[in-house]
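Here is a short briefing to read alongside the sequence and the 3D view. Keep both open and follow along topic by topic.

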Amino acid sequence: MRRLAIAMALSTSVGLAQAAGPHVHGQGNLDLAMAGGTLLVELSLPAADVVGFEHAPRDDDQKALVKDALARLGKGTNVLEPAPAAACKVTRESVHSGLSDSETEEHDHGEESPDHDADHDHDHDHDHDHDHDHGGHADFEARYRWHCDHPEKLEWIDVPLLEFLNGVTLKVQLVTDQGARADSLKAPRTRLSMDLR
Ligand SMILES: [Zn+2]
(Lines give C-alpha, C1' and ligand atoms only; values in the text may rest on other atoms or scores of the structure.)
Protein backbone atom coordinates (compact mmCIF):
# COMPACT_ATOMS: atom_id res chain seq x y z
CA MET A 1 0.00 0.00 0.00
CA ARG A 2 2.72 2.40 0.95
CA ARG A 3 4.69 1.66 -2.18
CA LEU A 4 1.66 2.21 -4.36
CA ALA A 5 0.98 5.58 -2.79
CA ILE A 6 4.56 6.66 -3.32
CA ALA A 7 4.59 5.43 -6.89
CA MET A 8 1.43 7.42 -7.55
CA ALA A 9 2.90 10.50 -5.95
CA LEU A 10 6.07 10.11 -7.97
CA SER A 11 4.30 9.82 -11.27
CA THR A 12 2.04 12.74 -10.38
CA SER A 13 5.00 14.84 -9.40
CA VAL A 14 6.90 14.05 -12.55
CA GLY A 15 3.86 14.81 -14.63
CA LEU A 16 3.56 18.19 -13.01
CA ALA A 17 7.21 18.96 -13.61
CA GLN A 18 6.87 18.17 -17.27
CA ALA A 19 3.77 20.30 -17.53
CA ALA A 20 5.34 23.15 -15.61
CA GLY A 21 5.89 25.13 -18.77
CA PRO A 22 8.75 26.88 -20.47
CA HIS A 23 12.00 28.09 -19.00
CA VAL A 24 11.21 31.64 -17.90
CA HIS A 25 13.80 33.87 -16.26
CA GLY A 26 12.64 35.14 -12.89
CA GLN A 27 10.43 32.11 -12.40
CA GLY A 28 11.15 28.74 -10.82
CA ASN A 29 9.04 25.64 -10.37
CA LEU A 30 8.49 23.84 -7.10
CA ASP A 31 6.48 20.62 -7.21
CA LEU A 32 5.48 18.86 -4.02
CA ALA A 33 3.74 15.52 -3.65
CA MET A 34 2.73 14.30 -0.22
CA ALA A 35 1.67 10.69 0.27
CA GLY A 36 1.44 9.27 3.75
CA GLY A 37 4.54 10.47 5.56
CA THR A 38 6.58 10.92 2.40
CA LEU A 39 7.06 14.31 0.81
CA LEU A 40 8.65 14.36 -2.64
CA VAL A 41 9.91 17.66 -3.95
CA GLU A 42 11.21 18.74 -7.32
CA LEU A 43 12.72 22.17 -7.82
CA SER A 44 13.87 23.77 -11.02
CA LEU A 45 15.34 27.24 -11.38
CA PRO A 46 16.77 29.06 -14.38
CA ALA A 47 20.53 29.19 -13.91
CA ALA A 48 20.35 32.91 -14.72
CA ASP A 49 18.41 33.42 -11.48
CA VAL A 50 20.81 31.31 -9.42
CA VAL A 51 24.28 32.27 -10.66
CA GLY A 52 23.59 34.97 -13.26
CA PHE A 53 24.63 33.04 -16.38
CA GLU A 54 23.55 29.97 -18.34
CA HIS A 55 26.75 28.81 -20.00
CA ALA A 56 29.46 26.52 -18.69
CA PRO A 57 31.53 28.41 -16.11
CA ARG A 58 34.41 30.21 -17.83
CA ASP A 59 36.66 31.20 -14.96
CA ASP A 60 37.32 30.43 -11.34
CA ASP A 61 34.82 32.99 -10.10
CA GLN A 62 32.03 31.43 -12.14
CA LYS A 63 33.08 27.94 -11.10
CA ALA A 64 32.90 29.05 -7.48
CA LEU A 65 29.42 30.49 -8.01
CA VAL A 66 28.19 27.21 -9.44
CA LYS A 67 29.83 25.21 -6.69
CA ASP A 68 28.28 27.39 -3.99
CA ALA A 69 24.86 27.17 -5.62
CA LEU A 70 25.08 23.38 -5.85
CA ALA A 71 26.08 23.21 -2.20
CA ARG A 72 23.15 25.42 -1.18
CA LEU A 73 20.54 23.70 -3.35
CA GLY A 74 21.94 20.29 -2.47
CA LYS A 75 20.66 20.59 1.07
CA GLY A 76 16.91 20.17 1.39
CA THR A 77 16.91 22.12 4.64
CA ASN A 78 18.21 25.21 2.78
CA VAL A 79 15.22 25.03 0.48
CA LEU A 80 12.32 23.97 2.69
CA GLU A 81 11.40 24.24 6.35
CA PRO A 82 8.35 22.10 7.07
CA ALA A 83 6.32 22.96 10.17
CA PRO A 84 8.32 21.56 13.10
CA ALA A 85 5.27 19.78 14.57
CA ALA A 86 5.27 17.40 11.61
CA ALA A 87 8.76 16.15 12.54
CA CYS A 88 10.06 15.97 8.96
CA LYS A 89 13.57 14.93 8.03
CA VAL A 90 15.35 14.86 4.69
CA THR A 91 15.99 11.29 3.59
CA ARG A 92 17.32 11.97 0.12
CA GLU A 93 18.56 15.01 -1.76
CA SER A 94 20.17 15.55 -5.12
CA VAL A 95 20.98 18.53 -7.29
CA HIS A 96 22.08 18.91 -10.87
CA SER A 97 23.20 21.90 -12.86
CA GLY A 98 22.63 22.04 -16.58
CA LEU A 99 25.80 24.13 -16.80
CA SER A 100 28.26 21.29 -16.61
CA ASP A 101 27.99 17.50 -16.84
CA SER A 102 30.28 16.92 -13.91
CA GLU A 103 28.33 19.03 -11.46
CA THR A 104 25.95 16.52 -10.00
CA GLU A 105 25.70 15.88 -6.31
CA GLU A 106 23.54 13.26 -4.76
CA HIS A 107 23.17 12.25 -1.17
CA ASP A 108 21.21 9.38 0.17
CA HIS A 109 20.78 9.52 3.89
CA GLY A 110 20.88 5.81 4.31
CA GLU A 111 17.27 5.32 5.22
CA GLU A 112 16.69 1.64 4.63
CA SER A 113 13.68 1.60 2.43
CA PRO A 114 12.11 -0.91 0.07
CA ASP A 115 11.47 1.99 -2.28
CA HIS A 116 15.11 2.68 -2.84
CA ASP A 117 15.45 0.65 -6.02
CA ALA A 118 12.36 2.18 -7.52
CA ASP A 119 13.66 5.67 -6.84
CA HIS A 120 16.99 4.77 -8.33
CA ASP A 121 15.43 3.66 -11.59
CA HIS A 122 13.26 6.74 -11.58
CA ASP A 123 16.29 9.00 -11.44
CA HIS A 124 17.87 7.26 -14.39
CA ASP A 125 14.70 7.58 -16.41
CA HIS A 126 14.86 11.31 -15.91
CA ASP A 127 18.34 12.15 -16.99
CA HIS A 128 18.35 15.89 -17.52
CA ASP A 129 21.59 16.13 -19.47
CA HIS A 130 19.66 17.03 -22.59
CA ASP A 131 18.94 20.41 -21.02
CA HIS A 132 22.20 21.67 -22.50
CA ASP A 133 20.60 21.86 -25.89
CA HIS A 134 17.59 23.99 -25.00
CA GLY A 135 18.43 27.15 -26.89
CA GLY A 136 21.39 28.11 -24.73
CA HIS A 137 19.37 28.05 -21.52
CA ALA A 138 20.16 25.98 -18.47
CA ASP A 139 18.49 25.12 -15.20
CA PHE A 140 19.42 24.00 -11.74
CA GLU A 141 17.28 21.03 -10.83
CA ALA A 142 17.00 19.47 -7.42
CA ARG A 143 15.00 16.69 -5.87
CA TYR A 144 14.36 16.05 -2.22
CA ARG A 145 12.59 13.38 -0.29
CA TRP A 146 11.43 14.05 3.23
CA HIS A 147 9.89 11.73 5.74
CA CYS A 148 7.43 13.20 8.24
CA ASP A 149 6.58 11.34 11.42
CA HIS A 150 3.41 13.42 11.85
CA PRO A 151 2.24 14.32 8.34
CA GLU A 152 -1.18 15.28 9.72
CA LYS A 153 0.54 18.19 11.47
CA LEU A 154 2.19 19.49 8.32
CA GLU A 155 0.09 22.65 8.07
CA TRP A 156 2.67 24.70 6.22
CA ILE A 157 6.10 24.61 4.65
CA ASP A 158 8.38 27.60 4.63
CA VAL A 159 10.58 28.13 1.59
CA PRO A 160 13.72 29.85 2.92
CA LEU A 161 15.27 29.43 -0.52
CA LEU A 162 13.24 32.45 -1.64
CA GLU A 163 15.26 34.69 0.64
CA PHE A 164 18.34 33.91 -1.45
CA LEU A 165 16.68 34.32 -4.83
CA ASN A 166 16.39 37.95 -5.70
CA GLY A 167 12.84 38.61 -6.84
CA VAL A 168 12.24 35.12 -8.21
CA THR A 169 8.67 33.84 -8.26
CA LEU A 170 8.21 30.16 -7.49
CA LYS A 171 5.30 28.48 -9.22
CA VAL A 172 4.14 25.82 -6.79
CA GLN A 173 2.19 22.67 -7.57
CA LEU A 174 1.04 20.78 -4.51
CA VAL A 175 -0.51 17.32 -4.55
CA THR A 176 -1.67 15.49 -1.43
CA ASP A 177 -4.15 12.78 -0.52
CA GLN A 178 -6.77 15.55 -0.31
CA GLY A 179 -6.29 16.98 -3.76
CA ALA A 180 -4.13 19.38 -5.68
CA ARG A 181 -3.51 23.10 -5.66
CA ALA A 182 -1.37 25.59 -7.50
CA ASP A 183 0.21 28.53 -5.73
CA SER A 184 2.81 31.18 -6.33
CA LEU A 185 5.40 32.31 -3.80
CA LYS A 186 7.76 35.25 -3.82
CA ALA A 187 9.73 36.85 -1.00
CA PRO A 188 8.74 38.21 1.45
CA ARG A 189 5.86 35.72 1.18
CA THR A 190 7.69 32.43 1.71
CA ARG A 191 5.14 30.23 3.48
CA LEU A 192 3.16 27.62 1.61
CA SER A 193 -0.08 26.51 3.22
CA MET A 194 -0.67 22.76 2.97
CA ASP A 195 -4.40 23.21 3.57
CA LEU A 196 -6.29 22.13 0.46
CA ARG A 197 -9.79 22.62 1.82
ZN1 LIG B 1 17.51 30.92 -19.57
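Is P160 buried or exposed? With a relative accessible area of 12%, P160 falls under the 20% limit, so it counts as buried. Please keep in mind that this is a predicted model. The protein has 197 residues, and buried ones make up 46% of them. Its secondary structure comes to five helices and 10 strands. Among contacts with a separation of 6 or more, 66% join residues 24 or more positions apart.

**P160 and its surroundings**

- P160 sits in the loop between β7 (156-158) and β8.
- Setting aside residues up to four places away in sequence, P160 touches T77, N78, V79, L80 and E81.
- P160 and R191 are 31 residues apart along the chain, and their C-alpha atoms are separated by 8.6 Å.

**The zinc site**

- The zinc ion is coordinated by H23 (NE2), H25 (NE2), E54 (through OE, listed twice) and H137 (ND1), at 1.8 to 2.6 Å.
- Along the chain, the donors of the zinc ion follow the spacing H-x1-H-x28-E-x82-H.
- Two of these donors, E54 and H137, link distant parts of the chain, as they are 83 residues apart. E54 lies in the loop between α2 (47-50) and α3 (60-73), while H137 lies in the loop between α5 (116-125) and β6 (139-148).
- How exposed are these two donors? E54 has 14% relative accessibility and therefore counts as buried, whereas H137, at 33%, counts as partly exposed.

**The nonpolar core**

- The largest nonpolar core has 42 residues, and those touching the most other members are L30, L32, L43, L73, L80, F140 and L154.
- Two or more core residues come from each of β1 (27-35), β2 (38-46), α3, β4 (88-97), β6 and β8 (169-176). The element that gives the most is β6, with five residues.
- Which residues does L43 touch, beyond those up to four places away in sequence? They are N29, L30, L73, V79, F140, E141, A142, Y144, L161 and L170.

**Helix α3**

- The 14 residues of α3 should span 20 Å at 1.5 Å a residue, and the C-alpha atoms at its ends are indeed 20 Å apart, so the expected and modelled values agree.
- Q62, V66, A69, L70 and L73 are the buried residues of α3. Viewed down the helix axis, they fall within an arc of 100°, which means that they line one face of α3.
- An α-helix has 3.6 residues a turn, so residues three or four places apart point the same way.
- The other side of α3 carries the exposed residues D60, D61, K67 and D68.
- D59 caps the N-terminal end of α3, with a side-chain oxygen 3.1 Å from the backbone nitrogen of D61.

**Strand β8 and T169**

- T169 belongs to strand β8, and its relative accessible area of 18% makes it buried.
- Not counting neighbours within four places in sequence, T169 is in contact with G26, Q27, G28, S184, L185 and K186.
- The C-alpha atoms of T169 and N29 are separated by 8.5 Å, although the two residues are 140 residues apart along the chain.

**The loop between β9 and β10**

- T190 is placed in the loop between β9 (179-185) and β10 (191-193). P188 is found in the loop between β9 and β10 as well.
- The peptide bond leading from A187 to P188 is cis, with omega near 10°.
- T190 has a relative accessible area of 12%, so it is buried.
- Beyond its neighbours within four places in sequence, T190 is in contact with I157, D158, V159, L162, E163 and L185.

**A backbone detail at A87**

- Where does A87 lie? A87 is in the loop between β3 (81-82) and β4.
- A87 is a residue other than glycine, yet its phi is positive, near 50°.
- With 28% relative accessibility, A87 counts as partly exposed.

Note on methods:
Residues are numbered from 1 along each chain as its sequence is written. This is a predicted model: local features need pLDDT of at least 70, side-chain atom pairs count only at pLDDT 80 or more; totals for chains, interfaces and linings use all residues. Side-chain values use heavy atoms; hydrogens and water are left out. Donors are N, O and S atoms within 2.8 Å of the metal (3.2 Å for Na, K and Ca); water is not among the atoms, so sites may look incomplete. Helices (H or I, at least four residues) and strands (E, at least two) are DSSP runs, numbered from the N terminus. Buried means under 20% relative accessible area, exposed over 50%, partly exposed in between (1.4 Å probe, protein chains only). A nonpolar core is a set of buried Ala, Val, Leu, Ile, Met, Phe, Trp, Tyr and Cys residues joined through side-chain atoms within 4.5 Å. Contact means heavy atoms within 4.5 Å. The expected span of a helix is 1.5 Å times one less than its number of residues. The arc is that of the directions from the helix axis to the C-beta atoms. A polar contact is a pair of N or O atoms within 3.5 Å; within protein, one must be able to donate a hydrogen and the other to accept it, and residues adjacent in sequence count only if both atoms are side-chain atoms.
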